[in-house]
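User: Hi! I am new to this structure and would like to walk through it with a few questions. Could you help me read it?

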Amino acid sequence: MQASIESTGNLERRLSFSLPEDRLQSHIVGRLGEIARTTRIKGFRPGKVPAKVIEQRFGAQVRGEALDGLLRETFDAAVREHDLRIVGSPRIDKGDEGEFSFVATVEVVPDFGDIDVSKLTVVRHSAEITDADIDQMIENLQNQRRTWAPVSRGAQDGDLVAVETWSQAGEERLPAEGTEKGSIVLGQGMMFDTIEKGLVGLAKGEEKTLDVEFPADWRVPVLAGKTVQVTVKVAEVSEPVVPAVDEAFIKSFGVKGGDVEQFRSDIRANLERELKGALMNRLRREVGEQLIAAYSSVEMPPRLVENEARAMLAQQVEQIRRNGQNVGEIPADAHEGFKDAAAKRVLVGLLVGEVARINDLRLEAKRLNETMRLIASTYEEPEQVIEMYRNDPQLMSGLQNRVMEEQVIDWIAERAQHTEEKLSFQDAIRQ
């Protein structure tokens, strides 16, 4: 098979190649023969369907499948012939030399020169789970299950306060009639600090007028940048009722025996999983920043960067929609705002791949299985999750890519100049 190549940019190549027509026809004839032997068509005995009928019913489909398969095979052979290390997906168009000629436009890995990771400086963080961290998590779980009991005393931090408000900005009252109603937990910064502090000490039915300074960019124009009189009236004050850490409470989290030591052990295991992921994210960021600083002058494949920018935009739009917000019309060039971040992400990804290739790093089966079991352990039926990964090639491929990246990041960090820094658990998981 002969394929010609030309450079159309620093990192872009154009491959011209032709499909072997005889192989295509041979494949089509063979596949139609298989179908003729096995297919059942009403009015014909099995294996006795005329070739013309088979051709009319299945010919277009078989030809399309054969063409796609041979196109991929021939393109891959052309890439190997010219020793190209391509990135992203190729753009394949029809050529000018007949039905079986094609032109593939591809982008290639840039030349990074000598990748010497020993010149990088990396901070490796570590942390341990303490009994205090477990106590804090149990307290968080208790607060998640808390209920509220009305009280007649004045409100204090931690109380749930049902409040009615209205504002007077010069001659204008907001709302024009009635009040705005809502509830806040004091001390959590859910309202302006002036309002929260003003509510402290007020009991049900009491009210107070406060001078509140609104920021210049406040969402209500009539209030923006002004000091406004805000009247608050307390409709109800409720104090939290936190459940005891008893057998029933523990069982509600899936600990069948209700044993407190098993409960703490399960919490520790969950925190260790969270910590492991957080420390890897920190290390990935550390190594990534060092790689970007060292190789930022290297040109990145423009189409790959654009595709990454579009993917990042789509991810953000999806997140906004999940939060229940209206995205509105997205400008055609909205992805341009992600180009810099996308270029950095592409740079790190390509460098990690080059480090793995140059140093002949291979995915460690043990590490893959450990990660898969770690993910599965967060579900009620871990073995079913593992089976799902093993039976889904796309899911498994994603996991393999993730584990391989982490493996290479570790490899780079071990050989870079690194310092150790110990963090508390809370600091380590804070992103």
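Analyst: Happy to help; this is a predicted model, and the questions below take up its helices, rings and cores.

User: Let's begin with helix H1. How far does H1 reach from its first C-alpha to its last?

Analyst: Helix H1 covers residues 21–38, which makes 18 residues. At 1.5 Å a residue, a span of 26 Å is expected, and the model comes close to that. From its first C-alpha to its last, H1 reaches 26 Å.

User: Within what arc do the buried residues of H1 fall?

Analyst: The buried residues of H1 are Leu24, Ile28, Leu32, Ile35 and Ala36. Looking down the axis, they line one face of the helix, because they fall within an arc of 105°.

User: And which residues are exposed on the face of H1 turned away from that buried side, and what helps to cover the buried ones?

Analyst: The face turned away carries the exposed residues Asp22, Ser26, Val29, Arg37 and Thr38. As for the buried residues of H1, what covers them includes helix H2 (51–81).

User: Let's turn to the rings. How is the pair of Phe249 and Phe253 classed?

Analyst: A search of the whole structure gives 9 aromatic pairs. For Phe249 and Phe253, the ring centres are 5.1 Å apart and the planes meet at 65°. An angle over 60 degrees is the cut-off that matters here, so this pair is edge-to-face.

User: Is Phe253 buried or partly exposed, and what lies over its face?

Analyst: Its partner Phe249 counts as buried, at 5% relative accessibility. Phe253 has a relative accessible area of 29%, so it is partly exposed. Over the face of Phe253, at 4.2 Å from the ring centre, lies Arg145.

User: Which residue has its charged end over the ring of Phe102?

Analyst: Phe102 belongs to a cluster in which ring pairs link it with Phe17 and Phe75. A charged end sits over the ring of Phe102, 4.7 Å from its centre, and it belongs to Lys94.

User: Now the inside. Which helix gives the most to the largest nonpolar core?

Analyst: That core has 39 residues, and Phe112 and Ile412 have the most contacts inside it. At least two residues each come from helix H6 (260–295), helix H7 (302–322), helix H8 (339–358) and helix H11 (393–415). With 9 residues, the helix that gives the most is H8.

User: How many residues are in the other core, the one with Phe100 and Ala104?

Analyst: This core lies apart from the largest one. Among its residues are Ile35, Ala36, Phe100 and Ala104. Both Ile35 and Ala36 also appear among the buried residues of H1. The number of residues in this other core is 27.

User: What does Phe112 touch, beyond residues up to four places away in sequence?

Analyst: Phe112 is one of the residues with the most contacts inside the largest nonpolar core. Leaving out those sequence neighbours, it touches Tyr295, Val298, Met300, Leu347, Leu350, Leu351 and Glu354.

User: One last helix. What arc do the buried residues of H10 cover, and which helices help to cover them?

Analyst: In helix H10 (residues 382–391), the buried residues are Val385, Ile386 and Tyr389. They lie on the same side of H10, because they cover an arc of only 100° around the axis. On the other side, Glu383, Gln384 and Asn391 are exposed. What covers the buried residues of H10 includes helix H9 (365–376) and H11.

Definitions and conventions. Residues are numbered from 1 along each chain as its sequence is written. This is a predicted model: local features need pLDDT of at least 70, side-chain atom pairs count only at pLDDT 80 or more; totals for chains, interfaces and linings use all residues. Side-chain values use heavy atoms; hydrogens and water are left out. Helices (H or I, at least four residues) and strands (E, at least two) are DSSP runs, numbered from the N terminus. The expected span of a helix is 1.5 Å times one less than its number of residues. Buried means under 20% relative accessible area, exposed over 50%, partly exposed in between (1.4 Å probe, protein chains only). The arc is that of the directions from the helix axis to the C-beta atoms. Contact means heavy atoms within 4.5 Å. Rings of Phe, Tyr and Trp (its six-membered ring) pair if their centres lie within 6.5 Å; planes under 30 degrees apart count as stacked, over 60 as edge-to-face and the rest as tilted. A charge sits over a ring if NZ of Lys or CZ of Arg is within 6 Å of the ring centre and within 35 degrees of the ring normal. A nonpolar core is a set of buried Ala, Val, Leu, Ile, Met, Phe, Trp, Tyr and Cys residues joined through side-chain atoms within 4.5 Å.
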